[in-house]
Amino acid sequence: MDNELELARQKLGLVSLGESSTYRLYSKGLVSEEVIKDDTKLVGGSGLFLCDSNDNSKKSETNKALRNHQVLAAHPEAVGLAAIIQGLSWALKLGVKSIQFFCDDDSIILDYVTGKAAPPKESIVVAKLLKQLALIQTSFTSCQALPLLRSDDINSSLIKLARDAIASQTTWQREGDEYETCPACYAHVSPRHKLEVRSGCFHRICFTCIRDCVSSQLARGDTLLCPYPGCEKELVLEDCRGIVDDDALNLIIHRKKEKAIPVLDRVYCPKPSCNFLMSDRDLIDPRQKKSVERTCVECGLCFCKKCHVPWHYKKTCDEFKKSPSYLTSDAALFESLVKTQGWIKCPQCATVVQKNGGCQRISCRHCNHKFCYACGAACTRKKMSCNCSPEDGPSKMSSPSGESHKTRLLRA
């Protein structure tokens, strides 16, 4: 027995417990289309997790390549069955005698294995794998198939192991150096210059694509998604740390915090050097719920939420807006600019919006409220509720790029 198997036996306590203990096998098979050099190929891998049935204190994991990729890819159940067979074979080599293996609760595999259902006649590959599985089950003193109730931690670990098995088959040597192809830009890069996305997809993307993706998506105000074509997994902060600059990291943190606060509860400190984001619910004094006076928790500035200026003591908002103090303030200058340029405020969140072209029906990028840019009336069921012509031309400040149906957010 080689060193790897011996180490796994020690982790599982099989040196002394192998004959009497029951172990649990979790498996996941994946087949994906990968770019290797200049070719696109199907590559398969399995993630295997074996542990004791008492408290999971003894465990071991591994991954293996799956062969016959094209055949398996044509039958989703075949990939799962192949991974189970690999896992049971691995357990036998370790000396396990009694085992329970788990099948996804939402797949048909468990019904196939337990005989509650039979594969379609045309699924010859699945039928052959079921016969192979039945044969290997006879090698154990006890072998039981059970449903796997959804466990995000186990599933995520198995997917990562399977992705690692796939990644190990996508590298090649050139002049003594190892290379992989980035699936986003098709550049040939060193594995050291690729990031494995941690949010669940585990796609391996080059640093350049991560930087470009973060930069463009932050600029548009979009959710940061994995650059892998068609992937909708969100990038986490740890994916970007060490790859993008500190300014981008701070903006990512700010955006995540902003996203966690309901749009109508977001309050920003008006002090230019602070601009700290807060939740209005945390700032409201229960004894003065109608007051618009707020205090920044970061810099301590007392300000007016409505006027977005330092607090105007002994004056109402209307009185203050007529005073010289307000008329010379940054807030007043910005309000004047908004009127001069023909911009409008979103009727829902009061964010200043500039239309970049297209028809009058727009969506606020800050709160996603849909309304008419000409009069501010809300759009319901994708239709304008006002009498304004939807075909009206772009605003006076349309960008030369000609983008349509897009808005630019502006804040004092």
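In this predicted model, the sulfur of Cys386 has its closest cysteine sulfur in Cys375, 3.7 Å away, and that is too far for a bond. Cys386 still counts as buried, because its relative accessibility is just 18% and the cut-off for buried is under 20%. The story repeats at Cys372: the closest cysteine sulfur belongs to Cys386, again at 3.7 Å, which is too far for a bond. With 0% relative accessibility, Cys372 counts as buried too. A disulfide is a covalent bond between the sulfur atoms of two cysteines, and the cut-off used here is a sulfur pair within 2.5 Å. So 3.7 Å doesn't make it for Cys372, and the structure ends up with zero disulfides.

Stepping back to the whole chain, there are 14 helices and 22 strands. Of the 412 residues, 43% are buried. Take the contacts between residues at least 6 apart in sequence: 54% of them join residues at least 24 apart.

How far can the model be trusted? The pLDDT averages 81 over the chain, and 86% of the residues score at least 70. Confidence peaks in strand E8 (residues 188–189), at a mean of 93, and hits its lowest in strand E22 (residues 407–410), at 47. Residues 393–412 have pLDDT under 50 throughout, although the model still gives this stretch 59 contacts beyond four places in sequence.

Now for a helix. H14 covers residues 330–341, and at 1.5 Å a residue its 12 residues should span 16 Å; the end C-alpha atoms are indeed 16 Å apart, so the two values agree. Which residues of H14 are buried? They are Ala331, Ala332, Phe334 and Val338. Looking down the axis of H14, these buried residues fall within an arc of 165°, so they line one face of the helix. An α-helix has 3.6 residues a turn, so residues three or four places apart point the same way. On the face of H14 turned away from the buried side sit the exposed residues Asp330, Leu333 and Thr340. Right after H14 comes Gly342, with a positive phi near 80°.

A little further along, strands E16 (residues 344–345) and E17 pair up in the antiparallel sense, over two bridges. Lys345 stands opposite Val352 of E17. The two strands, E16 and E17, make a hairpin with six residues between them, and in the turn Ala350 has a positive phi of about 70°. Which way do the residues of E17 (residues 352–355) point? Val352 and Gln354 go one way, Val353 and Lys355 go the other, and all of them are buried.

Positive phi values turn up in loops as well. Phe202, which isn't a glycine, has a positive phi near 60°. Its place is in the loop between strand E9 (194–196) and strand E10 (204–206). Is Phe202 buried or exposed? Phe202 has 6% relative accessibility, so it counts as buried. Asn275 is another residue that is not a glycine but has a positive phi, this time of about 50°. The loop that holds Asn275 runs between strand E11 (266–268) and strand E12 (277–279). Because its relative accessibility is 30%, Asn275 counts as partly exposed.

Terms used:
Residues are numbered from 1 along each chain as its sequence is written. This is a predicted model: local features need pLDDT of at least 70, side-chain atom pairs count only at pLDDT 80 or more; totals for chains, interfaces and linings use all residues. Side-chain values use heavy atoms; hydrogens and water are left out. Helices (H or I, at least four residues) and strands (E, at least two) are DSSP runs, numbered from the N terminus. The expected span of a helix is 1.5 Å times one less than its number of residues. Buried means under 20% relative accessible area, exposed over 50%, partly exposed in between (1.4 Å probe, protein chains only). The arc is that of the directions from the helix axis to the C-beta atoms. pLDDT is the predictor's confidence in each residue, from 0 to 100. Contact means heavy atoms within 4.5 Å. Two strands pair if DSSP finds at least two bridges between them.
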